[in-house]
Amino acid sequence: PIHHVGICMENSPAGRRFNALNLKYIMDGLEYRNAYGSDVKVGERLAQEIERILPTFVVSEFLDGAKRSSEQLRAVYTDDEAGHHEGPYIRKASLRLEVPSDVQVSMRTQGVVSPLGEIIA
């Protein structure tokens, strides 16, 4: 099942009312998700999903002007066990989009999202 959980702006009336409960729900879900022995690697799964939906939202054009599908774009997940300090944050992993040097990527401008915000491509 899919569960949609919202996090509201901090210190807003909605944030004060819902954030603590919703954050607890998310953290409990993450903690107990593997109770049945699942070995899903979230980062790798996220990279797969990004690659799957990317052609819906972007167009890749070779610099020679030819338009082709976005299949040559790759989402790559990398673990960084040691961590990398970036200001107050510690980056433990990264997800990057690999684009061949002879390809230009641009967002699709038509036929992707309906006026109601639904994905229609």
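R45, E49 and R52 are linked in a network of salt bridges, as seen in a model that is predicted. Across the structure, the count of such contacts comes to 5 salt bridges, and three of them, set out below, can be described by their closest N and O atoms.

| Salt bridge | N to O distance |
|---|---|
| R45 with E49 | 3.0 Å |
| R52 with E49 | 2.9 Å |
| R96 with E98 | 2.9 Å |

The network belongs to helix α2, which covers residues 42-57 and holds both R45 and E49, placed 4 residues apart, about one turn of the helix. R52 lies in helix α2 as well, 3 residues from E49, which again amounts to about one turn of the helix. E49 therefore meets R45 on one hand and R52 on the other, while its own relative accessible area of 25% makes E49 partly exposed. Of its two partners, R45 counts as partly exposed at 42% relative accessibility, whereas R52, with a relative accessible area of 55%, is exposed, because the cut-off for that class is over 50%.

The salt bridge between R96 and E98 joins two residues that are each partly exposed, R96 with a relative accessible area of 41% and E98 with one of 29%.

Strand β1, made up of residues 58-62, is mostly covered, since 4 of its 5 residues are buried. Its pairing with strand β5, residues 103-107, runs in the antiparallel sense over 5 bridges, and within this pairing E61 stands opposite Q104 in β5.

Notes. Residues numbered from 1 in each chain as written. Predicted model: local features only at pLDDT ≥ 70, side-chain atom pairs only at ≥ 80, totals over all residues. Heavy atoms only, no water. Buried < 20%, exposed > 50% of the residue type's maximum accessible area, 1.4 Å probe, protein only. Helix = DSSP H or I, 4+ residues; strand = E, 2+ residues; numbered from the N terminus. Pairing = 2+ DSSP bridges. Salt bridge = Lys/Arg side-chain N within 4 Å of Asp/Glu carboxyl O.
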